[in-house]
Amino acid sequence: MRHHPFRGIRSRATTLVACALTTTLVAAGATPAHAAADTERPTAPGPITVVAVDTTWVELTWAASTDDVGVVRYPVGARFEDSGAQYSTDTNSIRITDLRPSRTYTFSVWALDAAGNSSVSNPTLRLTMPPGDDQPPSAPGQPVAYDVAATVVRLRWPHSVENVALDRYEVFRVDAGGTLTRVREVYQYPPVNSAQVSGLTPNTTYTFVVQARDEVGHLSPLSAPVTVTTLPPPPSCAVRSVVRQWPDGFVAHLVVENTGTTAIDGWTMTWRFWASQQVRGIWGAKVVDRLNNSYLRVGNTSRNAVVPPGGTVSLGLVATGTQLPEEITVNGGLCTVADE
C-alpha cells in the first residue's frame with residue numbers, strides 16, 4: 001500500500017473552509033435558533049364606549065392596543081353582581097347578546113398578543129341595560145302544603161305568568177292582623193315553584209302566601225293563602241322487627257311501640273328503601289310515597305291511627321331487594337330498632 005502524505009492535509013483544509021463559511025453566514029445576518037421570545041406586553045386598550053344598546057344586547061368599541069409584534073385577541077368580561085361571562089374578539093369592537101333588561105353590568109377589555117402576553121385591563125364600563133318590562137307578573141297559584149312535619153312545612157304552587165322573566169318567588173307568613181313576614185326567597189333561575197319553611201313550632205297553625213317578583217322589580221299580587229298545622233313533637237318510639245329473607249327479597253313484620261307520654265294521633269313511618277326495590281305486599285299500613293328514591297313512607301290505616309302511650313301498632317311488608325327496614329322514623333322521630 002502506498003502512503004499519500006497530502007490526503008490528511010486536504011481533509012483538514014476542507015473542514016476549515018466549511019467552518020469559515022458558517023461563520024461568514026452568521027456574521028452576514030442569519031438568525032440563530034435561540035432567538036429571544038416576545039416578552040413585551042401590549043398596551044392597555046382605550047376606554048370602552050357604547051355604540052348601540054337595546055334591552056338584551058349591547059355593542060361596544062374601544063381604542064386598539066399596540067404591540068411590538070401584534071395584538072391577536074381582545075378578551076371581554078361582562079359581570080353582573082357575583083356572576084359573569086367572558087367573550088372574545090379579534091377586533092376592537094364586539095356585540096354581546098343574551099343580556100337581561102334593567103340589569104347593571106360591568107364590562108372590561110384587555111389585549112393578548114401571539115406570545116400570550118396580556119395587557120392590563122382598560123378602565124371598566126358600568127352600564128344599566130334599558131328596561132324591557134313594564135308589566136308585573138300574575139299572582140302565583142294557591143300554595144299546597146305537601147309535606148308537613150313538626151318544625152318543617154314544604155310548599156308548592158302553580159307558577160306565575162310573566163311577560164319577560166321572573167327573578168324570584170317570596171314566601172310570607174301571615175301573622176295576626178294580616179302582617180306579612182317574609183320567611184323564604186326562591187332565587188334559582190328559572191325560579192322553582194316550591195320552598196321549604198323550617199324553624200316552625202310543633203302543633204301550631206300557620207298561614208302562608210306567595211308573591212312573584214320580575215327582574216325589573218315589579219311585584220305580583222299575593223297568592224291565595226294556605227293554612228296548615230304542624231305536627232306534634234316527634235314521638236318517642238321503639239321498633240321490634242322480625243325478618244325472613246331470601247336471595248332477592250324479604251318479608252318483614254314490624255311492631256312499633258309508643259314510648260312517649262302522649263298519644264300518637266295519626267302517623268307516617270319511613271325507612272331506608274332503595275329505588276330498585278319494589279313493594280309486593282303491605283298490611284297494617286298504606287304506602288304514601290317514595291322520598292328521594294332512598295326511603296319508603298307509609299301511613300296509618302283508619303283502624304290504627306291512634307297509638308296511646310305504651311301502646312303498639314303492627315304492620316308487615318313483602319318487598320324485593322336486600323335492603324331491610326332501618327333508620328325507621330315515626331312522624332319525623334327516629335325510633336330505636338331491635339331485631340328478634
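These are my notebook entries on a predicted model, covering its confidence, its sheet and hairpin, its disulfide, its cores and two single residues.

**Confidence**

I began with the confidence of the prediction, and found that the protein averages a pLDDT of 87, with 89% of the residues scoring at least 70. I then looked for the weak stretch, and noted that residues 1-35 stay under 50 in pLDDT, and that the model gives them one contact beyond four places in sequence.

**Open sheet**

I traced an open sheet of five strands, whose order is E21-E22-E19-E25-E26 and whose pairing is antiparallel. Its edges are strand E21 (286-291) and E26, each of which pairs on one side only. At the E21 edge I followed the antiparallel pairing with E22, which is made through five bridges, and I recorded Tyr295 in E22 as the bridge partner of Leu291.

**Hairpin**

I turned next to strand E9 (residues 144-148) and strand E10 (residues 153-156), which pair in the antiparallel sense over four bridges. The two are joined as a hairpin through four residues, and I noted that Val144 has Arg156 of E10 as its bridge partner.

**Disulfide**

I searched the whole structure for disulfides and found one. It is formed by Cys237 and Cys335, whose sulfur atoms are 1.8 Å apart; with -95 degrees about the S-S bond, the link is left-handed. Which parts does this pair tie together? Cys237 lies in strand E16 (residues 237-246), while Cys335 lies in the loop between strand E26 (333-334) and strand E27 (336-339), so the disulfide ties together parts that are 98 residues apart in sequence. I also checked burial, and because the cut-off is under 20% relative accessible area, Cys237 counts as buried at 5% and Cys335 counts as buried at 8%.

**Nonpolar cores**

I listed the largest nonpolar core, which has 22 residues, and noted that Val256, Trp267, Met269, Trp271, Val298, Leu315 and Val330 touch the most other members. At least two residues of this core come from each of E16, strand E17 (249-258), strand E19 (268-272), strand E22 (295-299) and strand E24 (312-320). Apart from it I found another core, of 18 residues, among them Ile48, Val58, Phe80 and Leu127.

I then went back to Val330, since I wanted its surroundings: leaving out residues up to four places away in sequence, Val330 touches both cysteines of the disulfide, Cys237 and Cys335, along with Pro235, Val256, Ile264, Trp267, Thr268 and Met269.

**Phe107**

I located Phe107 in strand E6 (residues 104-109), and at 0% relative accessibility Phe107 counts as buried. Beyond its neighbours within four places in sequence, Phe107 is in contact with Ile48, Val58, Leu60, Gly77, Ala78, Ile96, Leu99, Thr124, Leu125 and Leu127. I also took the C-alpha to C-alpha distance from Phe107 to Asn122, which is 9.7 Å for two residues 15 apart in sequence.

**Glu215**

Is Glu215 buried or exposed? Glu215 has a relative accessible area of 16%, so I entered Glu215 as buried, and I placed Glu215 in the loop between strand E14 (205-214) and strand E15 (226-229). Its side chain makes a polar contact of 3.1 Å with the side chain of Arg100. Not counting residues up to four places away in sequence, I found that Glu215 touches Arg100, Pro101, Arg103, Ala165, Leu166, Asp167 and Tyr189.

How values were computed: Residues numbered from 1 in each chain as written. Predicted model: local features only at pLDDT ≥ 70, side-chain atom pairs only at ≥ 80, totals over all residues. Heavy atoms only, no water. pLDDT = per-residue confidence, 0-100. Contact = heavy atoms within 4.5 Å. Pairing = 2+ DSSP bridges. Buried < 20%, exposed > 50% of the residue type's maximum accessible area, 1.4 Å probe, protein only. Polar contact = N/O pair within 3.5 Å; in protein donor to acceptor, adjacent residues only side chain to side chain. Disulfide = S-S within 2.5 Å. Core = buried A, V, L, I, M, F, W, Y, C linked by side-chain atoms within 4.5 Å.
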